[in-house]
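Dear colleague,

I am handing over the structure we spoke about, and below it you will find my notes on what came out of the analysis. Please read them with the model open beside you.

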Amino acid sequence: MKQKILLQAALPAPLIAELQQRYQLIDYQTLTPADFSAVAAEFQLLLTNGEARVTRELIAALPNLALIAVFGVGYDGVDVAAAREHQVAVTHTPGVLTDDVADLAMGLMLATSRQIVAAQQFIQQGSWAQGGYPWTRKVSGSRLGIVGLGRIGMAVAKRAGGFDMSIAYCNRSPLDGAPWHYQPDLLTLAQQSDYLLVCTPGGANTRHLINRAVLDALGEQGTLINISRGSVVDQQALIAALDAGTLGAAGLDVFDDEPRVPDALQNRANVVITPHMASATWSTRKAMSQLVLDNVQAFFAGHSLVTPIP
């Protein structure tokens, strides 16, 4: 008899198909409250993704839950404190998506500064016949400030080095062996940056870390790039800064209330937006899926989990 898994959020179709061959997946979204109460004790494992919320209430409602397996590197939607209180392990899929996210961060930096999307629309709208596109901003040799120098932040820093950018970062503490300048004060980092890249995890501790004061410090020539979590940036303050011209530009892959993106962030030459797709390449999603499978198999076999959260 196949072991049961509670599927709480959307996962890639190939991963679902692979899991269904080995296990019995029950879609949480299809259960009525009465149905859920009747079967809650049957689940030891909950599958979710990096954007979903796994609340204290849900964890408590699953009396035999022992593992929450997250498809994604971010797990800020999981109430980790509640999981620990209930002796529930949490796994995620770190490492394998680092390169893709770093690549998109550089892509957003280039696309935003050179206004590539708006320039393409300029051609498509027939405007080139009336004159050339307005001048844009150079990336090479600029100053990059990184908020959160983890795996992804370091990968971006290495790429930015190829563009001869001067690099500084803000962390809770300096990283041993990091060759880039450590700046403990976020406002100072923003003031000294042409590009401010947000790489910090989401969650309550970093909510609206990038606020109006930080955006003002970045200034009318500065560009904000966010490939972390929408919650880290005060979205209304960002819109206000763009409207007022006190912030130069923004490149965003994440938003406050996905998949809803405010109209005020759309159709602006100085704003490039993508639909939370930083890790969405075939090779990386395949590798992420394999990590989920590996963790699920290890759990049911009684082996050590492959990628438990720290």
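I begin with helix H1, whose buried residues are covered by a set of elements that includes strand E1 (4–7), strand E2 (24–27), strand E3 (45–49), strand E4 (67–71) and helix H11 (282–301). Please keep in mind throughout that this is a predicted model.

The residues of H1 (residues 13–22) that are buried are Leu15, Ile16 and Leu19. Because they cover an arc of only 100° around the axis, they lie on the same side of H1. On the other side of this helix, Ala13, Pro14 and Gln21 are exposed.

Helix H11, which is part of that cover, has buried residues of its own, among them Met288, Leu291, Val292, Val296, Phe299 and Phe300, and what covers them includes E1, H1, E3, E4, strand E5 (89–91) and H5. The 20 residues of H11 should span 28 Å at 1.5 Å a residue, and the end C-alpha atoms are 28 Å apart, so the expected and computed spans agree. Just after H11, glycine 302 takes a positive phi of about 80°.

Turning to the interior, the largest nonpolar core holds 48 residues, of which Leu45, Leu47, Leu144, Ile146 and Leu197 touch the most other members. Helix H5 (residues 98–113) gives the most to this core, with eight residues. If you would like one residue to look at there, isoleucine 146 touches Gly153, Ala157, Ile167, Ala168, Tyr169, Cys170, Leu189, Leu197 and Cys199, leaving aside residues up to four places away in sequence. There is also a second, separate core of 27 residues, which includes Leu215, Ala237, Ile239 and Leu247.

As for the chain as a whole, its secondary structure comes to eleven helices and twelve strands. The radius of gyration is 21 Å, close to the 19 Å that the globule rule gives for 310 residues, and the chain is therefore as compact as a globular protein of that length. The C-alpha trace spans about 70 × 50 × 30 Å along its principal axes, and 48% of the 310 residues count as buried. Among contacts between residues at least 6 apart in sequence, 60% join residues at least 24 apart. The accessible surface comes to about 15100 Å², with 52% of it belonging to carbon and sulfur atoms.

With best regards

Key. Residues are numbered from 1 along each chain as its sequence is written. This is a predicted model: local features need pLDDT of at least 70, side-chain atom pairs count only at pLDDT 80 or more; totals for chains, interfaces and linings use all residues. Side-chain values use heavy atoms; hydrogens and water are left out. A nonpolar core is a set of buried Ala, Val, Leu, Ile, Met, Phe, Trp, Tyr and Cys residues joined through side-chain atoms within 4.5 Å. Buried means under 20% relative accessible area, exposed over 50%, partly exposed in between (1.4 Å probe, protein chains only). Helices (H or I, at least four residues) and strands (E, at least two) are DSSP runs, numbered from the N terminus. Contact means heavy atoms within 4.5 Å. The arc is that of the directions from the helix axis to the C-beta atoms. The radius of gyration is taken over C-alpha atoms; the globule rule is 2.2 Å times the number of residues to the power 0.38. Accessible areas come from the Shrake-Rupley method with a 1.4 Å probe; for residues, only the protein chains shown count as cover. The expected span of a helix is 1.5 Å times one less than its number of residues.
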